[in-house]
Amino acid sequence: MFTITEVSEDAISSNELQPMAKTIADFVAGKKPIEMLTLEKARLVDENPNELLSPKPRELKSIEDRMIAGPDCDIAIRIYQPHSDKSELPGLVFFHGGGFVIGSIKSHDLLVQNLAVEAECVVISVEYRLAPEAKFPAPLEDAMAAYLWVKDNCQGLGIDSDKIAVGGDSAGGNLATVICLRCRDEKLSLPASQLLLYPITDAFSETSSKKDYAAGFFLTSSAMDWFQGHYLDNPSQAKDPYVSPLRAKNLGNLPPTLVITAGFDPLRDEGFAYANRLSEAGVDVTHSCYTSMIHGFMSFAGGIPHGEEGIKESARFLERTLS
């Protein structure tokens, strides 16, 4: 099954930015570009999102920080337990965005709170190592280790071992779908589904959306080059399917997938292309394009109604695929 939906404001044509999304894009465009900041300042800015624009805090049964063993060092995770009368819940292993260079559990805390409550599932948010201190494949190795740890520790987490999804936004969406590829290729237990929010799927090719929205729409081409330059040792690695999953020869035998894209996002076209490739390979996939939105819009759910709508759509997908 391949379902495509387009979500746009009733009063705004699909080729116009929603006003609040435009305000955010214009504000970011007027600030010093992220690639001109030091790593420390870039990470500090990302960890302190605007409280008025962020998703609203939610009441959960518990939020617990824990350290687990990783391939080279311990990995920090945060476990979100929603209120529920059920003895076991579905699980979601979530990877934050930030181009593999910035972002953290903290930067995505409120988004993850909302996913846990709306989907009534236990969410494990993963603090994988960041580039350039830890280049490819280190973040992927951490993400894989965290997923396998959750699989091995379901009982203690109150999670049904057959109902574990992976998901993430942007770079985190890339990690989620590459984990699915690796599990298939290495004959490991596949996630039950994958939630891909405006994911990176092809770090090498130029698309129309990358050209059309190269500047002035929150995520810029220069920022993406900066991220990639930190993440990869050399540009040729961008063709590796575990960096650019769209370049995998075979995308069959992967779990049900939701791909959410934004109309004014440089990553829009590769997200659609990935959904289309999955469908051609026989995967149950839904692609929703929020046509008047910018990259990262779900993290602005406090100021952009479509952000909240995207969270609810993600929750419905998790409920359907993890039931």
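Author: Start with one term: contact means heavy atoms within 4.5 Å. The model here is predicted. We begin with helix α3, residues 109-119.

Reader: How many residues of α3 are buried?

Author: Use a cut-off: buried means under 20% relative accessible area. Eight of the 11 residues of α3 fall in that class, so the helix is largely enclosed by the rest of the structure. They are Asp109, Leu111, Val112, Gln113, Asn114, Leu115, Ala116 and Ala119.

Reader: What covers the buried residues of α3?

Author: The cover includes the strands β2 (62-68), β3 (75-81), β4 and β5, along with helix α10 (305-321).

Reader: Take the helix in that list. At what angle do α3 and α10 pack?

Author: For a helix pair, read the angle and the axis distance together. α3 and α10 pack at about 45°, and their axes are 9 Å apart. That angle makes α3 oblique to α10. The crossing is right-handed.

Reader: Which residues make the contact between α3 and α10?

Author: From α3 come Leu111, Asn114, Leu115, Glu118 and Ala119. From α10 come Ile311, Lys312, Ser314, Ala315, Leu318 and Glu319. By class, this contact of α3 with α10 has six nonpolar, two polar and three charged residues.

Reader: Now a second helix pair. At what angle do the axes of α4 and α6 cross?

Author: Helix α4 covers residues 138-152, and helix α6 covers residues 171-185. Their axes cross at roughly 70° and come within 10 Å. α4 is therefore roughly perpendicular to α6. α4 passes α6 in a right-handed crossing.

Reader: Which residues of α4 and α6 make the contact?

Author: α4 supplies Pro139, Leu140, Glu141, Ala143, Met144 and Tyr147. α6 supplies Leu175, Val178, Ile179, Arg182 and Cys183. Sorted by class, the contact of α4 with α6 has nine nonpolar residues, no polar ones and two charged ones.

Reader: On to rings. How many aromatic pairs does a search of the whole structure find?

Author: Nine. For each pair, read the centre distance, then the angle between the planes. Phe100 and Tyr231 are 3.7 Å apart, centre to centre, with 5° between the planes. This pair is stacked.

Reader: Where do Phe100 and Tyr231 lie?

Author: Phe100 is in the loop between β4 (89-95) and α3, while Tyr231 is in helix α8 (residues 221-231). The pair therefore ties together parts that are 131 residues apart in sequence. Both Phe100 and Tyr231 are buried.

Reader: Which geometry do Phe136 and Tyr231 have, stacked or edge-to-face?

Author: Edge-to-face. The centres of Phe136 and Tyr231 are 5.8 Å apart, with 70° between the planes. Phe136 lies in the loop between β5 (122-127) and α4, so its pair with Tyr231 in α8 links parts 95 residues apart in sequence. Phe136 and Tyr231 are both buried. Phe100, Phe136 and Tyr231 form one aromatic cluster.

Reader: Next, the backbone. What should I expect of phi and peptide bonds?

Author: Most peptide bonds are trans, and most residues other than glycine have a negative phi. Look for the exceptions.

Reader: Which residues does a cis peptide bond join, with omega about 10°?

Author: Phe136 and Pro137. Pro137 is in the loop between β5 and α4. Another cis bond runs from Ala131 to Pro132, with omega near 5°. Pro132 also sits in the loop between β5 and α4.

Reader: Which sign of phi does Glu120 have, positive or negative?

Author: Positive, about 50°, although Glu120 is not a glycine. Glu120 follows α3, in the loop between α3 and β5. Its relative accessibility is 28%, so Glu120 counts as partly exposed.

Reader: And Ser170: is it buried or exposed?

Author: Buried, because its relative accessibility is 8%. Ser170 lies in the loop between β6 (159-169) and α6. Its phi is also positive, about 60°, and Ser170 is not a glycine.

Reader: One last case. Is Lys211 buried or exposed?

Author: Exposed, with a relative accessible area of 59%. Lys211 belongs to helix α7 (residues 208-212).

Reader: How far apart are Lys211 and Pro305 in space?

Author: 27 Å, C-alpha to C-alpha. In sequence, Lys211 and Pro305 are 94 residues apart.

Note on methods
Residues are numbered from 1 along each chain as its sequence is written. This is a predicted model: local features need pLDDT of at least 70, side-chain atom pairs count only at pLDDT 80 or more; totals for chains, interfaces and linings use all residues. Side-chain values use heavy atoms; hydrogens and water are left out. Axes are lines fitted to C-alpha atoms, for helices over the stretch in contact, and angles run from 0 to 180 degrees between N-to-C directions. Helices (H or I, at least four residues) and strands (E, at least two) are DSSP runs, numbered from the N terminus. Angles under 35 degrees count as roughly parallel, over 145 as roughly antiparallel, 65 to 115 as roughly perpendicular and the rest as oblique. A crossing is left-handed if the near helix is turned anticlockwise from the far one by less than a right angle, and right-handed if clockwise. Ala, Val, Leu, Ile, Met, Phe, Trp, Tyr, Cys and Pro count as nonpolar, Asp, Glu, Lys and Arg as charged, and the others, Gly among them, as polar. Rings of Phe, Tyr and Trp (its six-membered ring) pair if their centres lie within 6.5 Å; planes under 30 degrees apart count as stacked, over 60 as edge-to-face and the rest as tilted. Buried means under 20% relative accessible area, exposed over 50%, partly exposed in between (1.4 Å probe, protein chains only).
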